Amino acid sequence: QVRVVESGGGLVQPGGSLRLSCAASGTMFSLDTMAWYRQAPGNERELIASITRSNSTGYTDSMKGRFTISRDNARNTIYLQMNSLQPEDTAVYYCRARVVLDVDSIAEWYWGQGTQVTVSS
């Protein structure tokens with residue numbers, strides 16, 4: 001069974017920074033692209049950034065500049081460095097991992113449970 005677990009959320013003041021982590025674990029043949037999403041109350045879930053196993057990254061245009069995604073393949077972990085946070089960044093941040101369970105399987109996406117980020121003074 002694959003588990004995807006986010007951590008690092010919390011309360012931060014406007015202008016502050018946070019670093020989120022997401023670790024994938026379990027029996028996997030391969031772990032490919034991983035990505036960060038967020039969902040604010042009343043809004044749809046939106047993509048922030050993605051990163052491949054070879055560290056190729058992609059960002060939603062509105063997220064460029066303040067958010068940086070990175071990856072540690074040895075730990076099956078990705079990170080999201082968030083700077084200059086504003087109240088509108090308040091949301092649940094989710095991680096998603098593309099996993100191949102065994103050599104005969106197709107890739108499947110797994111979601112984490114999310115971590116709350118609240119930006120408030």
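In the predicted model, a disulfide joins C22 to C95, with an S to S distance of 2.0 Å. The count of disulfides comes to one. A disulfide is a covalent bond between the sulfur atoms of two cysteines. The torsion about the S-S bond is -80°, and the link of C22 and C95 is left-handed. Because C22 lies in strand β3 and C95 in strand β9, the pair ties together parts that are 73 residues apart in sequence. Both C22 and C95 are buried.

The two cysteines also appear among the contacts of E6, a residue of strand β1, which spans residues 3–7. With neighbours within four places in sequence left aside, E6 is in contact with C22 and C95. The remaining contacts of E6 under this exclusion are S21, W36, Y93, Y94, G112, Q113, G114 and T115. E6 is buried but has no salt bridge. The nearest side chain of opposite charge belongs to R45, at 7.3 Å, whereas a salt bridge requires a side-chain nitrogen of Lys or Arg within 4 Å of a carboxyl oxygen. Backbone nitrogens are reached instead: the side chain of E6 lies 2.7 Å from the backbone nitrogen of C95. The side chain of E6 likewise reaches the backbone nitrogen of G114, at 2.9 Å.

C95 is also touched by W111, a residue of strand β10, which comprises residues 107–111. W111 is partly exposed, its relative accessible area being 37%. Apart from residues up to four places away in sequence, W111 touches V4, Y37, R45, Y94, C95 and R96. One of these, R96, is 15 residues from W111 along the chain, and the C-alpha atoms of the two are separated by 4.5 Å. R45 thus recurs, as a contact of W111 and as the nearest oppositely charged side chain to E6.

The largest nonpolar core was examined next. In soluble globular proteins, nonpolar side chains tend to be buried together. The largest nonpolar core of the model holds 29 residues, of which W36, L80, M82 and Y93 touch the most other members. Two or more residues each are given to this core by β3 (18–25), β4 (30–39), β5 (46–51), β7 (67–72), β8 (77–82), β9 (91–100) and β11 (115–119). The most is given by β9, with five residues. L80 touches W36 and Y93, and its other contacts are L18, R19, L20, I48, F67, T68 and I69, not counting residues up to four places away in sequence. W36 and Y93 are in contact with E6 as well.

Backbone geometry was considered last. Most residues other than glycine have a negative phi, and most peptide bonds are trans. N55, which is not a glycine, has a positive phi of about 70°. N55 is found in the loop between β5 and β6, the latter strand covering residues 57–59. At 43% relative accessibility, N55 counts as partly exposed. S84 is another residue other than glycine with a positive phi, here near 50°. The position of S84 is in the loop between β8 and β9. S84 is partly exposed, with a relative accessible area of 38%.

Conventions:
Residues are numbered from 1 along each chain as its sequence is written. This is a predicted model: local features need pLDDT of at least 70, side-chain atom pairs count only at pLDDT 80 or more; totals for chains, interfaces and linings use all residues. Side-chain values use heavy atoms; hydrogens and water are left out. A nonpolar core is a set of buried Ala, Val, Leu, Ile, Met, Phe, Trp, Tyr and Cys residues joined through side-chain atoms within 4.5 Å. Buried means under 20% relative accessible area, exposed over 50%, partly exposed in between (1.4 Å probe, protein chains only). Helices (H or I, at least four residues) and strands (E, at least two) are DSSP runs, numbered from the N terminus. Contact means heavy atoms within 4.5 Å. A disulfide is a pair of cysteine sulfur atoms within 2.5 Å. Lys and Arg count as positive and Asp and Glu as negative; His and the chain ends are not counted. A polar contact is a pair of N or O atoms within 3.5 Å; within protein, one must be able to donate a hydrogen and the other to accept it, and residues adjacent in sequence count only if both atoms are side-chain atoms.
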